[in-house]
Every structure is written in C-alpha cells, then in structure tokens.
Amino acid sequence: MAFGLGLLNGLKYTATRVFKTYVGDFKHLGRRYDDKLFKERQSVKGSGIFTVQYPEEKLPVPENFRVVPFLVYEPALDENGKPLIDPATGKEMIGKQKCTACGICSKVCPPQCIWIVRALTPEGKPKPQPAEFYIDIDICMNCGSCAEFCPFDSIKMDHVYELANYERHVSHIYDIGVLSKPASYHAKIHPTDWAAEEAERAAKEAKKK
Amino acid sequence: MSVTAPVAPPNTPNYNDPQIVAEQIKTKYPDAVESSSAQGIVVQSDQLREVARYLHDELAFDYLNNVTSVDWQDRFEVVYNLTSLERGGAPITLKVNAARENPSVPSLVPVFRGADFQEREVYDLMGIRFEGHPNLRRILLWDGFEGYPLRKDYKEPYYEEEKKPFGSRWDKGHHVIAEDRNPWHDNVQYPSNFDAVAYKPPRDQIQVIDAAQAAAMRLRTDKIVLNFGPQHPSTHGVLRLRVTLEGETVRGVEPIVGYLHRNHDKIGERNTFVGNMPYTDRLDYFTSMANNLAYALTVEKLLGIKPPERAEYIRVIMAELTRWQNHAVALGFIYNDLGAFYTPLIYAMEERELILDLFEATAGSRMMCNYMRFGGVARDVTDDFIAKCKYLVNERLPRRTDELEAYMVGNEIFHSRAKNIGVLPRDLAINYSTAGPVLRASGVKYDIRRAEPYSIYDRFDFEIPTGTTGDLYDRFIVRVAEMRESLKILKQALDQFPAGEIMTGKKNYQVRVPKGEAYGRGENPKGELGFYVVSDGTANPYRYHVRGPSFINLTALNDMCVGYKIADMIVILGSLDIVMGEVDR
Amino acid sequence: MSEEKPQTPPMTIANSEQEWLDEQVRRTIWTGPWNKFIDLVDLIYNWGRRNSIWPLGFGLACCAIEMICTSATRFDIARFGMELFRGTPRQADLMLVSGTVTKKMAPAVVRLYNQMAEPKYVVAMGACASGGGPFKEGYNVVSGVDKLVPVDVYIPGCPPTPQALLYGLMQLQKKIDKQSIRDAAWYRKGVSEGVPEPILGPDLIDARRLDEITALSADPEKLAARAVKLATKGKKE
C-alpha cells in the first residue's frame, strides 16, 4: 500500500462523522432542543453529534440511578385522605417516618457515614423511630447498600445530582429534615420499585386477614 | 518456549496439587519444607530462594502471581503464589514465616523480577525486610513515614474500632466528624515530643551527573535526570517517573508511585466482606464490573457457593462489555500519547457512554457499579437492557471496532511510531509477572479465562489473541483483537441468555465467611486482578490484599523504555494501560 | 429528571462581620455614575472570565475519568469555554481537584495551586476531594482539599456524574459573576503569599501549624483532652 493511503482512509471516518452531524441537524432544522431528536441521538441507534446541551437538556436518569440516600415518610393526612401541605416549605407534612431505626443501614454502610439516634419513649424505652438521622455526604460513596438491605423500604437512593455548594461543613451533613422525603416522591422516581413494594404490602395484608 | 517447561510427558504428576509439589521439593531439599497442606507449602526461610529457583527451573513454575504478607500477631507470613503458564490451572501457594521482631526473608528478585515492586510494597506496609533486594525502599508511602500500616497493631489517626460496623453509629449515633475525634483535628498523628519546627525531611536521592562517565562516552552530551509528573498530562494520573536521559535517549526509568495510595488493604480489613464490594469499584475505575466479578469469585471460593445460571450470564455480559470499553478507551489514550490529540479518544468515549448507560440503568451508577454480590448479582436486568445490548453487540460495536481499526491500525504514522518500539521479549514478560494484553503481546498464550476457567467462560468459543514481538504495535493490535473476541463472547452469551433466579440464597448484609484463605483472580482488561483473602470466620476479612495488574506491569517499564526516545517512553507507558487507582490502591 | 424542583440544602456564602463592614464602606464611597461605570466594567470583565475558565489538566483519581467524560463529546465542556485543559498551572484558572488527595500528593497539590496565576479557583470534585470521601479513615488520605487550599465550589457525589460536574461549574460561574474588581484580591497592592507547602515527615506536617504541633506533642495530656469521645454501646475498644 502506498504510503499515506491508511492516513486518508482514517480521515474518511472523521469526515463522515462531521457530515452525519449535519444530516441530523438538517432533518430537524430550527429545533435546537428537540425532544425527539435528542432521544434518537442519545439512544444506541444514534449517529452524528451526541452532545447533551446541559442545562437546557438533561439526560434522563434511570430508575436505579443513585446519588445520596433519602428517608421515606408517610405524609400526614387530612380528613379527606389528602396529604397536608406545610405552608412554610411547600412540602407534605411528616405523618410517620417509615424508618424504624433498626440500624441495618448504618451497619451495612461501607464507609460508615450514617449516624442514627433511636427515639425513646418518655419512660426511656427505645421506640422504633429515629430521633436523629445523619448522613455525611462527603463520606457517602453512593453505593446504594443502605437502600438495598433496608428491610422496611424506608431508605432509598435519590436522583438529585445537582448538589454543588459553596460550603460543606454545615450543608453537607444531611440531617433528618433534609433527608426526609414523602412517599409520593419515592413513588414518582422509582415507579417499578414502588409497584413491587405495594404488591408485597398488599400480599402481606391479605395474609393477615 | 525458551524459559519454560520441557514438554510434559503424559504421566507427569499433577503439579497443581501443593502436596505433590511439596513431595517433589523434599526429594531435592529434604529439610526445606516445614509443612504442607492444600492451603500451601510452608518453606524454611533460609532455603526459600533455592526452593523458588527449583520450582522455577525444574517444575516450570515460571510465573509469580502475587507476593503478600499476613500479620499473625505472633509472626509474619509472606505468601507467594506461583503458576506455570504452560500448564495453567490454579496457582500454588508458597509461604515463609518471619519473626515478629526484625522480620526478614530472602528476596526472590533474583529468581522472579516481578517480585521487585511487590516485595517493596510488603516492606513498606508490613515492615518485612527482603535480604538481597536491589532497591528496598518505601514505595507507596514516603521515606520517613512513621510505622508500618498493615501491621495489626498500627492505629490510624482516625482509628475508631477494629471492625466495622462501629458501635458509635447506631442507637446513640450523635454525629461527630472524624476531625473532632482526633486530637490534632486532622488526619495526622505524630510521635511524642516531635519537634516540627526543627524537622528536616529526608531529601530525595537524585543521581548526580557523572562527568567522567559522560566523557568516556563518545557523545558530547550529559546525562540528565528528568522528573516527570506527578502532575503531567500523559502520565495517566498521578504517576511520577524519574527518567535518566542522555540527549533524548532514555537510559533509565524509575516509576515513583503511591500518590494515590488510598489504603485499600487496611480499609478492606476493617470493612465487612459485603462492604468491600463498592471499594473494589474504585480500584481500576474503568473496569468496576470486572473488579466486582474477581472479588465475588474469591469470596465465593471461601463460601463454597455458585451463582445461578442467569446471574453467571449477566456477570459475563457485564465483564465483557467492560473489557470492550476499557480497550477502546485505552487505544484512544495511546493515540493521545502519540500526539493525535483527543479525536480517537472521544470516538471511543462515545461508545463507552452508551455502555455506561447500560450499566447505569442496571446497576445504578455509571462507573462505580457495585453490582455483583456473593452468589449472584444485585439487580436483574430489564428486557430493555437485553434489547439494547443485543443491538450494541450485533450491530453497533462490531461496526465501531472495524472503524476503529481502519483509522487507527491502518495509519502509517502509527506504524512508524509503534513498530519495534518498547519491545518486551517473551522471557522478560513472564519473569516480570506482567499480565493481560502486555503478556499476550509478547507471545504468551495465557488467559485465565482459558487457563483456569471461572464463571462460565468454558462454554464460550473464543480465541486468545497473541502478538509476536512484544512491541508497542503488538500491544495495540492484541487489544483490538481482544475487543473482537469480547464481542464474540457477548454474542454467544446473549443468545444463550437464560431466565431464572439471579441470586443463590438470601441477601445478607453481614455474610459470615468460613475460616480459610483464598487467592481468587479474574482476567481483567488490564490483566490478572487477584484478591488474597484470609477469613477468620467472622464477617470481616482478617487479611485482604489486592494484586493490581497495573502495579506489577509497571515493573517492566524500565526494561521496555531503555534505549528509546523520551517521546516513545510516553507511548510505551500508554501501551501498558495503567490506572493509578489500581497501581497505588 | 423530575420536574419538581427537588429540595436541596440552601446555598450559603460565609459572611463575616468584617465583610459586611467592607460592604458598607464600599457602598458609601462608590456611588454615583462612577459606580455604574465600574458595574459595567465588572459585567464585561466577568462575562469574559466566566466563559473562559481554563482548567488545569490534572486528574487525581476516579473523578478524573468523569472529568474526561465531561470534556468528551456527550457533555462537551467546550460549550462553557472550559475545554482547554492546560498542562501547566501557569496558564490555568481553575484547579479541578478530581479525586482523593493523598498525603503524598498534598505538597504537589499545594505547589500547583501556588503556581497558578490569580484569579484562580478551586473546585473540589467528588466526596474525596470535598471531605475525604469513603477513604477518609485511611492513613494516607487528606480529609478534604480545603485543609490545604481554599475551595470555591464543592461537588458531592462519588463520582459526580458529568452533569453534576457541569452544574458545579455553573455555580462557579455564578460566583464569578458576583465578584467585582473593587474588592478582588488580585487587584490589591502587595504580594500575595502562597499557601506554605506541607512537609512529609512522620506524617503530613501542615507548615502553618509547626509551633502548635511541637507544643502539643510535648504535652500528651493536653493533646488527649482535645479529642471528642464517641458514644459507644459498651463495645470493647
């Protein structure tokens, strides 16, 4: 082979790559942040340019995606069975923490970043409820072990990854207030998990009867 | 086969059995063997080198997998794992005891040069001297560091309890940051009466230019010592090289590692067995799935369990996808080092992103998968995963591999830069205990997936690509060929993919592992990733050691670089495909 | 991504009393059209600066791979004008500390920081760089790069995904927008002294704390009193 042919052959691929990008662009002319185009390009079948125009576009996160854990709570309900909204924060009011402070998450946590204080009854007996719950997200390795081994489905992995901060000593130690999120949020971000949990719960209740 | 075994006659004894090997040693050295069992052969310390040489020369144990040590409180034990590349099979274990006070054993560097860095690591972390080692200095830590961290009586500055889980976390877990628990309010500790003001750190030993030597050489150039890294764009992380140059020609390279030493072994001994799984992700952070697999295999060896069929297939699929993406990116990095800045790399990255999407959808994280469990995998894959994976494996990735080969391997500039550069001859490659594509490029047909098949690799039809000369070009095309073989395995695995369970037994957060020790390994994209685990019957390992292939491959760097130009050295380093997380651990 | 804005901890900028006082003084002195002019200069100046932050090509650990992914096609850091990873600290504006800072690496990190020209920023990417991460308990790990050099933005995650990194870099851009040449440190008179390099002794020695270390190591009782005891459940130490 003559010297240089291999080089030219290689350049063919780069040129094709550039060309393919514009094919997609022309197909969807004038629609820069087009959902359909975006999905097509980000899929395994996509070709041409591949860029996610973050923050205008965001890659959808899969259900199993994990960043920092959160605690699931059952909201307080009004007489119609609708969750009460706290006017100050706009969040659903905490009715009951699902967490029973059994401590399995803190035991399984590989870097030991979960700290739990179990609540006490007025008589001083332990109560199945956390009084304090801390996660140091500067130690947390997002491994998801806590959520995996929790027997009460009360700790789950959050999908929020936009967590950057100007300060860490206060805001990166999540306490129970920051960690608690309503069950409806869990149902929204983990639909399959939620459905499985609901089915299991229903089966258990049927067994009881 | 120049260094290795004579062709074995049909009725040779089974040398994969340590008992038989021990008997053989006894015929030659009657009092060398202290005891022998299935766990290994304990050898007298003063005859270790003779025994090792005998095993190397006569019984064809030509490959030193792993050197490590265990602190048994009353004594130290140095553990060697040896394999014959010709025969394959599981490695045999050789052990030597050393006294608690001033421990010392003979160095095996004269027999196996691959022991060089590993013995230095044992010296650094455990404080065992290796008599006759050419350069016995600290390797992962710095000269002047106080203490030997892997000894059981060493307490770190943030020491809390011997084993996890810590009692302070639950029940009354009032949050206290580690800094507050430490009297220095930082992750440090000093000896008592330490005078920091007057302290002078030991100076780096720098070779002084030898004027007489320079004059004796015809060239009117001086030898210069160039410091390269730890912050340098082409050192693949925080590697530092001390290069001796003569003009532009490399006369010596000394890798200085440890800039990412994250105390994997020490933390691993404190963790539970389950808790170590996410830490293995962070060893070689390109190939977390394969790391998970190797670790799971090791512990399953001790537990004596096997995952169900479906889980085995999922494991193989994940490991092979990992191999493909690792090699693609590695080739991109080699091109980066050659000066073809970034374009091939971002092409490789694009495919990698698609594979990472699959990992993210299944395991939950792009890089740190934490996916395998003892006796299965953490989550089942979805139908969507299979469909996407099939499309990737059958359509997209083969096409991309062809493209990649066309624009990379066909390039004339690459040919002239890579052929006959950084040659690592076959004998040296074996003697240096190099592993993976580096070993195979030197013409050794050795792949653990074939030599000691694990998981279900024995069911698949695939080749072991090898090189001929062991130069940079061979290391490159071996990787390309391996990518194709990976796709071949993936295709078969996806076609046979069964339904069923993904886990043997129930998920347990504190797996108690029976007493014993195991050396488990897997053929990682970078080479043989080994785990040496000693269990004392609890949920935490007593000893946990990682054999990082990148670390040991780096031993051969000096021999590969000497005589070539400094620009070649960068590419040779790239062709070793090291990852600092695994080098320094 | 969920449409509902998830609750994140509030962002805080440390405001000391001195800073507040400075602000009041500035408000009284810089008034009128001159002030408007300076605002305009700030606007243009910051616009230029925020869109050409050149990071130092410097990868420490796992997070560096996500940093490379961010600079590759899919997330394309070039859209933010940050694609020029400089090999030398002299040309860099931003030190992306992408990974675990070990004690052995600490002097090099500080030296690199000192060699960077003002204005310079430090982003601690990932849990390890922020606070030690999962390796915090290790004997060779620095508990966060802010023990060595001042940090502007902390990005949690292990590792942060490329999008999380981009979000963090946008927070840095916001921070740059708020800066003014009136009080920028690099317009002040005098020589700015770098951070003294830590020394590798029996353990890492912070060069700013030499006297304290010498005094405390001579007094074991006082030293022991400084540690906070943990509540343990009657477990043996």
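**View 1. C:M95 faces C:V122 across two paired strands of chain C.** In this predicted model, C:M95 has C:V122 of strand 2 of chain C standing opposite. A second pair to look for is C:S98, whose bridge partner in strand 2 of chain C is C:M125. Strand 1 and strand 2 of chain C run together in the parallel sense, joined over five bridges. Strands of a sheet pair through backbone hydrogen bonds, either parallel or antiparallel.

**View 2. Three parallel strands make up an open sheet in chain C.** The strand order is 1-2-3, and the pairing is parallel. Strand 1 (94–98) and strand 3 (153–155) of chain C stand at the edges with a single partner strand each, so one side of each lacks a neighbour in the sheet. From one strand to the next, the twist averages 15°.

**View 3. Strand 1 of chain C is covered on both faces.** Although strand 1 of chain C stands at an edge of the sheet, five of its five residues are buried, so the rest of the structure largely encloses it. On one side you will find C:L94, C:L96 and C:S98, and on the other C:M95 and C:V97, all of them buried. In a regular strand the side chains alternate between the two faces of the sheet.

**View 4. Helix 2 of chain C turns one face inward.** This helix (residues 33–50) has 18 residues and reaches 25 Å from its first C-alpha to its last, close to the 26 Å expected at 1.5 Å a residue. Its buried residues are C:N35, C:I38, C:D42, C:N46, C:R49 and C:R50. Looking down the axis of helix 2 of chain C, you would see these buried residues fall within an arc of 85°, so they line one face of the helix. Their packing partners are strand 2 (121–125) and helix 6 (162–178) of chain C. On the other side of helix 2 of chain C, the exposed residues are C:P33, C:K36, C:L43, C:I44 and C:W47.

**View 5. Chain B and chain C meet across a shared interface.** The contact takes 79 residues from chain B and 65 residues from chain C. Between them the two chains bury about 6,600 Å², with 61% of it on carbon and sulfur atoms. Three residues to pick out are B:W142, B:W184 and B:Q231: they supply 12% of the area that chain B buries against chain C, more than any other three residues.

**View 6. Strand 9 of chain B pairs with strand 8 and strand 10.** Strand 8 (residues 223–228) and strand 9 of chain B pair in the antiparallel sense over six bridges; here B:V225 has B:T244 as its bridge partner. Strand 9 and strand 10 (residues 249–256) of chain B are also antiparallel, with seven bridges, and B:V243 is partnered by B:V253. Two residues lie between the strands in the hairpin of strand 9 and strand 10 of chain B, where B:G247 takes a positive phi near 65°. Seven of the seven residues of strand 9 (residues 240–246) are buried, so this strand is largely enclosed by the rest of the structure. B:R240, B:R242, B:T244 and B:E246 cover one side, while B:L241, B:V243 and B:L245 lie on the other.

**View 7. A:L37 is a buried residue of chain A.** Look for A:L37 in helix 2 (residues 35–42) of chain A. Its relative accessibility is 5%, so A:L37 counts as buried. From A:L37 to A:C99 there are 62 residues in sequence and 43 Å in space, C-alpha to C-alpha.

How values were computed. Residues numbered from 1 in each chain as written. Chains lettered and ligands numbered in written order. Predicted model: local features only at pLDDT ≥ 70, side-chain atom pairs only at ≥ 80, totals over all residues. Heavy atoms only, no water. Helix = DSSP H or I, 4+ residues; strand = E, 2+ residues; numbered from the N terminus. Expected span 1.5 Å × (residues − 1). Buried < 20%, exposed > 50% of the residue type's maximum accessible area, 1.4 Å probe, protein only. Arc of directions from axis to C-beta. Contact = heavy atoms within 4.5 Å. Pairing = 2+ DSSP bridges. Axes fitted to C-alpha atoms, helices over the stretch in contact; angles between N-to-C directions. Buried area = accessible area lost by both parts, 1.4 Å probe.
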